[in-house]
Amino acid sequence: MDNKELYEILQDYAVSTRNDKEIVFKKLNRSQKRVKQNRHKPQYIFAGLMCTIVLVLSIALPIALVDTTQNNNQTTYCSTDDLIFNSEESLDILINDYKINAKYPSYEAVMISSISAQNSSAFKGALLGYLIFDDTMLDIDLAIVPKTHILQIYEDYFIMQNTIAWDEYEVKFSVEKTTDFEYKLQIYFTDDKYDYFVTSKSDTEIEPHILLNLLYEN
């Protein structure tokens with residue numbers, strides 16, 4: 001073998017070796033890039049999750065806070081000890097001075113009182129008394145309470161089970177024979193602004209729709 005042949009053999013070896021190295025380096029570079037990319041993937045995922053959490057909180061938290069505020073302002077509970085009853089001269093005081101624009105009976109009241117509360121300066125309600133002589137004597141109290149307030153003395157009316165339809169209202173009621181000569185009838189109905197609580201005592205049992213018709217002369 002002469003020098004020329006040896007040189008050509010060594011050159012071919014060098015070229016093949018260089019190609020092998022380039023292939024190895026290219027594979028190595030690709031592997032390193034994948035490692036770097038995978039190294040950053042958890043960071044991207046974490047950043048994406050944080051953005052999602054911030055976005056959800058930015059939407060949900062204000063809504064939750066607003067709902068809580070609204071719920072807190074929706075109703076005020078007044079215990080019996082908080083209530084103050086004041087005798088009034090006429091319904092005009094309730095309507096014009098206290099702005100209690102409610103569904104008042106057409107029957108004339110024998111007792112007119114306003115209701116206020118020590119724990120709520122904005123609260124104004126009404127308590128009206130009636131005596132109706134029909135087939136029986138009916139001693140009736142009607143309390144008118146804004147829906148923004150719940151009074152302890154009337155909270156049991158909300159859970160009465162018996163219901164009837166009267167006029168445009170769904171009426172809840174309860175009848176109880178308290179003594180041999182007395183029946184107690186409790187009635188509850190409501191409109192957009194007020195809750196109405198009727199308590200009647202009579203010597204005979206009377207149907208709730210009949211009492212309401214007498215009271216409102218329907």
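The following conversation takes up how the strands and helices of this predicted model are named and paired.

Biologist: What makes up the secondary structure of the chain?

Modeller: The chain comes to 3 helices and 10 strands, and from the N terminus on its elements run α-β-β-α-β-β-β-β-β-β-β-β-α.

Biologist: Why are E9 and E10 said to pair?

Modeller: Two strands pair if at least two bridges are found between them; strand E9 (residues 182-190) and strand E10 (residues 194-202) have 8 bridges, in the antiparallel sense, and therefore count as a pair. One of the partnerships joins Thr 190 to Asp 195 in E10.

Biologist: How do you know that E7 and E8 pair as well?

Modeller: The reasoning is the same, because at least two bridges are required and 5 bridges join E7 to E8, which run antiparallel. Thr 163 has Lys 172 in E8 as its bridge partner, and in the hairpin of these strands, with 2 residues between them, Asp 167 takes a positive phi near 55 degrees.

Biologist: What makes E2 and E7 the edge strands of the open sheet?

Modeller: The sheet of 8 strands has the order E2-E3-E4-E5-E10-E9-E8-E7, with antiparallel pairing, and strand E2 (83-87) and strand E7 (162-166) each pair on one side only. From one strand to the next, the twist averages 25 degrees.

Biologist: Which strands does helix H3 lie across?

Modeller: Helix H3 (residues 208-216) lies across E4, E5, E7, E8, E9 and E10, and runs at about 75 degrees to E9.

Biologist: What share of the chain is called buried?

Modeller: Buried means under 20% relative accessible area, and residues that meet this cut-off make up 28% of the 218 in the chain.

Technical notes:
Residues are numbered from 1 along each chain as its sequence is written. This is a predicted model: local features need pLDDT of at least 70, side-chain atom pairs count only at pLDDT 80 or more; totals for chains, interfaces and linings use all residues. Side-chain values use heavy atoms; hydrogens and water are left out. Helices (H or I, at least four residues) and strands (E, at least two) are DSSP runs, numbered from the N terminus. Axes are lines fitted to C-alpha atoms, for helices over the stretch in contact, and angles run from 0 to 180 degrees between N-to-C directions. Contact means heavy atoms within 4.5 Å. Buried means under 20% relative accessible area, exposed over 50%, partly exposed in between (1.4 Å probe, protein chains only).
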